[in-house]
Amino acid sequence: MAIYFIRHGESLANERNLFAGRQNTPLTDLGVRQAHQAGRRVAAIGVRFDEVHVSPLDRAKDTARIIVERIGTPRVTTVESAELVERDFGVFTAQNKSLVKKSVGFRAYTEYFHSCTGCPPGGESWPEMYERVRDYYEAVLLPRSRAGRSVLVVAHKYVVEMFALVVAGIRPTEYRDLKIPNARPLAEADLRRIARATARSAAVHDFGEIVEIRLPVLVAGAAALGVLAQLAVRVPVPPQAFSAVLVSLLAISTFFGMLRLHSGAVRGLGRGLRVALPLTAARVAAGLALVSLAPGTPGLLLGLFLLLPPALITPTLSLLWDGDYFTSVRQTVAASLVLPVALLLALWLPHRLAGLDSALTGYLGVLAGAMALPALAAQVLRRRNPIRAGSLSTNWNWVGGFALVPLAGFVTFALTPAGGEHAGAHPGLVACVAVVAAVLLGLRIASVAFVRWRKLPARVARDVFITQSTPNVFLWFAVVGGVGSAVADAATLLAPITACGFFAAMFVDEAVIVRRFTRRLRAAMADVGPAAPVAAAG
């Protein structure tokens, strides 16, 4: 009879980008809805399950309970087995996945987690995991199936992946990360298909891992190449083309970023805004002062820069850099609702600026096309098809980050002056560089001083730093393009310099964070000693 396998619904550790391993972590709102959808899909299969075999961890048991309630099978036997527990990740347990990847590097990460000789320091080796799952399949599941009993197995990512290898008859030496999605019911035939298809698409998955590990340097490098390319070819980009490409690439990034966002995380927006209210208020005051006192000068552009809401990539940066995540989400959403009002008012002070209508059109166009609409589409997908949304986020979330690479190159290419006299010959270049560098550095210094003054928890402090020092520069580009000829010369200098400085600062921020994390991780790894070499599973 049939054997079906399900990875539990999304857990809090999944949402926060942490290795859970054998620690208990509850289902998220999306995970609960995934479990209900899995129950409907299992019921639609038409199989009357006799037994449900489940891991002893709560996220698996809760998923199994919801599915059993949805299918309404009477007298189903539940078998809780320690053999179905998730892999022990050792020192990596409860650590941020992205920071672990960045700290140990792609090759070492692949060896620890996705090699048939791998073993996380202090954790369960790959052969141990493979053998316990294979033995459970052969000694427990197969006899029940041959005896005419239908079985549903609810377990974890690596456990279901081992079942896939066993069912598909794939040698352990050919194992690659299978990217098993949360809560999707998988028959044995489905596991065979996934295991064989993953072997063919391994290069794509590897590329996604490398993008995650190297994203800031890729973005900063693309920004620098964009400037150099424009200085070499001197081809101006029409405003319509600039807006279309800007909105399209930002929309991709926003969609995948918001696909991870649980709408319930934005509850308590007032509390989220109050966390950094003094710092935000100081930025708004400085921005309004520059706009009022320095119209028609670079000070106007810098004033508008200080009034920007956080970039929508800030929750993603929080996930990548081990922030609190929820603090980042609340601050980003709250500030994105409040600061645009101040930004729009600033465009009217102290008088109506030339080109205001064009500026507002660009601002609202980016806000709607690149932010609001893709964010809404992502949330609709999460509600209507939570399993599909989770699968896209698990397997393709790197696409949203990678969209920033061509975006950075295109923006700096388009904003670098294409005329006969390039920016390098402008007498005010040094002053512009100094001012932009001072503003970017000042935001970081102010953020660090603020979180230390408030004595915020480490992860909350990191989110405050991220949201306060990562303004939405793309929104700024849309605005400064329409504020009129009075600041055109300053804009041609400040825009590409700010773009390069922004992306370079992101790279430096991550380098500092990764270096500190690496020191802590190496100390933990040293405490458990080097991982013993293990033989490949047969």
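**Entry 1: a pair within one helix**

I began with K61, which is partly exposed, with a relative accessible area of 30%. I kept in mind that this is a predicted model. Next I looked up the partner of K61. D58 forms a salt bridge with K61, and the closest N and O atoms are 3.9 Å apart. I noted that this falls within the 4 Å limit for a salt bridge. D58 is partly exposed too, at 33% relative accessibility. Where do D58 and K61 sit relative to each other in helix α3? They are three residues apart in helix α3 (residues 58–71), so about one helical turn separates them.

I wrote down the general idea as a reminder. Side chains of opposite charge can pair when their charged atoms come close.

**Entry 2: a pair between two helices**

I moved on to E212. Its side chain forms a salt bridge with K101, with the closest N and O atoms 2.9 Å apart. E212 lies in helix α9 and K101 lies in helix α4 (residues 97–104), so this pair ties together parts that are 111 residues apart in sequence. Are E212 and K101 buried or exposed? Both of them are buried.

**Entry 3: a helix and a loop**

I stayed with α9 and picked D206. The side chains of D206 and R176 meet in a salt bridge, at 2.4 Å from N to O. D206 is in helix α9, while R176 is in the loop between α7 and β5, so the pair ties together parts that are 30 residues apart in sequence. I checked the cover on each side chain. D206 is partly exposed, with a relative accessible area of 22%. R176 is partly exposed as well, at 31%.

Then I followed salt bridges that share partners. They join K101, K157, E161, D177, K179, E209 and E212 into one network. I recognised E212 and K101 from the pair in my previous entry. By the salt-bridge rule, I counted 23 salt bridges.

**Entry 4: two lysines with positive phi**

K179 had come up in the network, so I looked up its backbone. The phi of K179 is near 55 degrees, which is a positive value in a residue other than glycine. K179 is found in the loop between α7 (157–168) and β5 (186–187). At 15% relative accessibility, K179 counts as buried. I noted the reason: buried means under 20%.

I then looked at K455. The phi of K455 is also near 55 degrees, again positive in a residue other than glycine. K455 is found in the loop between α19 (429–454) and α20 (458–469). Is K455 buried or exposed? K455 is exposed, with a relative accessible area of 72%.

**Entry 5: a nonpolar patch on the surface**

I turned from charge to nonpolar side chains. Which residues form a nonpolar patch on the surface? They are V217, L218, F507, V508 and V512, and together they have about 370 Å² of accessible area. I asked where the patch residues come from. Helices α9 (202–233) and α22 (488–528) each supply at least two of them. The largest share, three residues, comes from α22. I took V217 as one member to inspect. V217 is found in helix α9. At 39% relative accessibility, V217 counts as partly exposed.

**Entry 6: far in sequence, close in space**

I looked up M506, which has its place in helix α22. M506 is buried, with a relative accessible area of 8%. How many residues lie between M506 and P216 in sequence, and how far apart are they in space? They are 290 residues apart in sequence and 6.3 Å apart in space, C-alpha to C-alpha.

I tried another pair, R134 and L165. They are 31 residues apart in sequence and 8.9 Å apart in space, C-alpha to C-alpha. R134 has its place in helix α6 (residues 126–146). R134 counts as partly exposed, at 22% relative accessibility.

**Entry 7: two helices crossing**

My last look was at a helix pair. I first reminded myself how such a pair is described. Two packed helices are described by the angle between their axes and the distance between the axes.

I chose helix α10 (residues 239–259) and helix α17 (residues 386–402). Their axes come within 9 Å and cross at roughly 140 degrees. I noted that angles over 145 degrees would count as roughly antiparallel. α10 and α17 are therefore oblique to each other. α10 passes α17 in a left-handed crossing.

Technical notes
Residues numbered from 1 in each chain as written. Predicted model: local features only at pLDDT ≥ 70, side-chain atom pairs only at ≥ 80, totals over all residues. Heavy atoms only, no water. Patch = residues over 30% accessible without salt bridge, like charges linked within 9 Å, V, L, I, M, F, W, Y side chains within 5 Å. Areas by Shrake-Rupley, 256 points an atom, 1.4 Å probe, with all protein chains shown as cover. Helix = DSSP H or I, 4+ residues; strand = E, 2+ residues; numbered from the N terminus. Buried < 20%, exposed > 50% of the residue type's maximum accessible area, 1.4 Å probe, protein only. Axes fitted to C-alpha atoms, helices over the stretch in contact; angles between N-to-C directions. Parallel < 35°, antiparallel > 145°, perpendicular 65-115°, else oblique. Left-handed = near helix turned anticlockwise from the far one by under 90°.
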